[in-house]
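The exercises below work through one protein chain, step by step. Look at the sequence and the structure before starting.

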Amino acid sequence: MTTQNVVQRRSYSFYQRLFFLYVLNLSDWFCTQALLGTGRFYEANPLMNLVLRGFLPTLLVKGVLPLALSVLCAVLFKLSGLEEIRFGNILLDIGIVVYAAVNLWHIVNFLLLFSAI
């Protein structure tokens with residue numbers, strides 16, 4: 001097995017990264033809702049604070065819109081016939097790291113919440 005084969009097996013495809021980013025987005029939404037529901041936390045983002053007041057706007061902004069954009073990106077990538085683009089993968093990786101950090105922050109907040117009970 002060559003080094004190139006090992007690298008190819010460890011890397012994730014554009015579609016897998018796009019899906020993972022969407023799943024992290026959903027996880028952020030659900031964790032945010034759970035923490036806000038305790039009454040001990042607040043939404044730090046003033047724009048999302050307006051959206052999170054109702055279920056339908058939240059569903060559209062955190063569920064439907066990202067899904068539509070993910071599907072659009074996947075379809076455009078497929079139709080373009082291009083090989084994986086390094087810049088696109090870097091952008092997806094940055095998004096994944098940011099959302100992973102946000103979800104890690106949620107975990108810390110859950111630990112703080114349960115230690116305070």
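Contact means heavy atoms within 4.5 Å. The model is predicted, so to speak of a local feature requires pLDDT of at least 70 and side-chain atom pairs count only at pLDDT 80 or more, while totals for chains, interfaces and linings use all residues. Residues are numbered from 1 along each chain as its sequence is written, and side-chain values use heavy atoms, with hydrogens and water left out.

**Exercise 1.** Find which residues glutamate 84 touches, not counting residues up to four places away in sequence.

*Solution.* Start with the position: glutamate 84 is in the loop between α4 and α5. Helices are DSSP runs (H or I, at least four residues), numbered from the N terminus. Next, list the contacts of glutamate 84: Tyr12, Ser13, Phe14, Arg17, Phe77 and Asn89. Then classify its surface, where buried means under 20% relative accessible area, exposed over 50%, and partly exposed in between (1.4 Å probe, protein chains only). Glutamate 84 has a relative accessible area of 39%, so it is partly exposed. Last, take a distance: the C-alpha atoms of glutamate 84 and leucine 111 are separated by 39 Å, with these positions 27 residues apart along the chain.

**Exercise 2.** Compare the expected span of α4 with the distance between its end C-alpha atoms, then describe the helix.

*Solution.* The expected span of a helix is 1.5 Å times one less than its number of residues. With 26 residues, α4 should span 38 Å, and its end C-alpha atoms are 36 Å apart, which agrees. Now follow the axis of α4: there is a kink of about 30° at valine 64, shortly before proline 66. The bend at a residue is the angle between axes fitted to the seven residues ending there and the seven starting there. The buried residues of α4 are Thr58, Lys62, Gly63, Pro66, Ser70, Ala74 and Phe77. Their cover includes α2, α3 (46–51) and α5 (86–116). After α4 comes glycine 81, with a positive phi near 70°.

**Exercise 3.** Name the residues of the largest nonpolar core.

*Solution.* A nonpolar core is a set of buried Ala, Val, Leu, Ile, Met, Phe, Trp, Tyr and Cys residues joined through side-chain atoms within 4.5 Å. The largest one has five residues: Phe14, Leu18, Ala74, Phe77 and Leu92. Two or more of its residues come from each of α2 (14–37) and α4 (55–80). Take alanine 74 as a check: leaving aside neighbours within four places in sequence, alanine 74 is in contact with Phe14, Tyr15 and Leu18.

**Exercise 4.** How many aromatic pairs are there? Describe those that involve phenylalanine 14.

*Solution.* Rings of Phe, Tyr and Trp (its six-membered ring) pair if their centres lie within 6.5 Å; planes under 30 degrees apart count as stacked, over 60 as edge-to-face and the rest as tilted. The count is five. One of them joins phenylalanine 14 and tyrosine 15 edge-to-face, at 5.8 Å centre to centre and 80° between the planes. Another is stacked: phenylalanine 14 with phenylalanine 77, at 4.3 Å centre to centre and 25° between the planes. Phenylalanine 14 lies in α2 and phenylalanine 77 in α4, so this pair ties together parts 63 residues apart in sequence. Phenylalanine 14 counts as buried because its relative accessibility is 11%, and phenylalanine 77 is buried at 13%. Tyrosine 15, at 35%, is partly exposed. Ring pairs link Phe14, Tyr15 and Phe77 into a cluster.

**Exercise 5.** Which residue forms a salt bridge with lysine 62? Treat the other bridge afterwards.

*Solution.* A salt bridge is a side-chain nitrogen of Lys or Arg within 4 Å of a carboxyl oxygen of Asp or Glu. The structure holds two. Lysine 62 pairs with aspartate 28, the closest N and O atoms being 2.9 Å apart. This bridge links α4, which holds lysine 62, to α2, which holds aspartate 28, across 34 residues of the chain. Both lysine 62 and aspartate 28 are buried. The other bridge joins arginine 17 and aspartate 93, at 3.3 Å from N to O. Arginine 17 is in α2 and aspartate 93 in α5, 76 residues apart. Arginine 17 is buried at 14% relative accessibility, whereas aspartate 93 is partly exposed at 32%.
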